Amino acid sequence: MCDILEEITADAVLNEAYQWLCHRRKAYSHNDDVWEVRQRWEEIKPKLRRELLAGGYRFSPQRRIHCANEDLDIWSALDSLVLKAVAIVLTRNLAGKLSPQCSHVIGNGGAKAAVRYVLDTLPENKFVFRTDVKSYYASISHAILLSQLDRYILDRRLRDLLKQYLQRTVYDDGRYEDIRQGISLGCPLSPLMGALFLDLVDRRMEATGLAYVRFMDDWIVLAPTRWKLRKAIRIVNETLAELQVEQHPDKTFIGRIERGFSFLGYDYNQDGLIGVAEPTRHRFVERVHQLYEQGADQVRIGMYVRRWLAWVKSGVRELTGSLAVDVLRITNHMPVCRTIVPS
């Protein structure tokens, strides 16, 4: 990877990152800096390439936007473009070096591949351990992640960019805050960094020979016997302690498969996939009500309901018509949706 900055600054990569930025920020305010980047892109691009190759590019402070339900830290348009270009090339170079059991990495099949894997391995197992990391992105140690990156990235210029991405500054209404732990939400580079951070968990679980799969920070272990499950739990606990993160107590389930469990939006038991998980249903209902309160008409709400049902059914051949009935039952109990029948 000695020519990594040459890859990142290649015309094709920078233009791909530029097109991504234009699409992601097409609805941004007329005075957002994305419009200056769009207007002057052919002028900005060669200067940006020179700065990156010289190791002189510096990220600006993120802007903190206070929304109704959450705070968002926003990168400048050009910084976001650079991070996307880095993500494109690092994913191309690192994805094959990470565990195939990390399903959200490009090429490993995504969430539905993880669901199919669980379904395929259920019959030979009796016990399940499902968990995720508490405040995952916010709790990632910069020192640990940088040491992991050192194994793969030798170019000092790229290492400097990644250090800036981690140890960033946030501007919030006249105040500047230095961030010394956690990675950025909504950043195109963060899913890959999150995958790399938990790769040690993946490798150690693979070595047990048990059925295991992870999507982001959400993973599941299936075991044929109780003592094998206990061994897996001990390994996970020891590894998370090394990484200085904790399991989410409310999202951890340990027990017999026959009791039923949830994973990636679905409910399962010994017979396989049995329905849509309650939190998934709840978010769906909330979103429909939100659309209605925002003044969306029946056509827009109907499109959302149909897209959601298509997501529920897609990529998992074991799903039956009962899930469609499930969705109809949900929507028919919502006055705003009574005239909507998903296709």
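Here are three short exercises on single residues in this predicted model.

**Exercise 1: D79**

Work out where D79 sits, whether it is buried or exposed, and which side chain it makes a polar contact with.

Solution. Start with the backbone: D79 is part of helix α5, which covers residues 77-94. Next, check the burial: D79 comes out as buried. Now look for a charged partner. The nearest side chain of opposite charge is R25, at 8.6 Å. A salt bridge needs a side-chain nitrogen of Lys or Arg within 4 Å of a carboxyl oxygen, and D79 has no salt bridge. What it does have is a polar contact, side chain to side chain, with Y57 at 2.5 Å. Finally, scan the surroundings: leaving aside residues up to four places away in sequence, D79 touches Y57, R58, F59 and S60.

**Exercise 2: D173**

Find the loop that holds D173, then say what sign its phi has and whether the residue is buried or exposed.

Solution. Go to the loop that links β4 (169-172) with β5 (175-178); that's where D173 is. Then read the backbone angle: phi is positive, about 50°, even though D173 isn't a glycine. Last, take the relative accessible area, which is 66%, so D173 counts as exposed.

**Exercise 3: M216**

Do it again for M216: which strands flank its loop, what is its phi, and what is its relative accessible area?

Solution. The flanking strands are β6 (211-215) and β7 (218-223). M216 isn't a glycine, yet its phi is positive, at about 60°. With a relative accessible area of 22%, M216 is partly exposed, given that buried means under 20%.

Terms used:
Residues are numbered from 1 along each chain as its sequence is written. This is a predicted model: local features need pLDDT of at least 70, side-chain atom pairs count only at pLDDT 80 or more; totals for chains, interfaces and linings use all residues. Side-chain values use heavy atoms; hydrogens and water are left out. Helices (H or I, at least four residues) and strands (E, at least two) are DSSP runs, numbered from the N terminus. Buried means under 20% relative accessible area, exposed over 50%, partly exposed in between (1.4 Å probe, protein chains only). Lys and Arg count as positive and Asp and Glu as negative; His and the chain ends are not counted. A polar contact is a pair of N or O atoms within 3.5 Å; within protein, one must be able to donate a hydrogen and the other to accept it, and residues adjacent in sequence count only if both atoms are side-chain atoms. Contact means heavy atoms within 4.5 Å.
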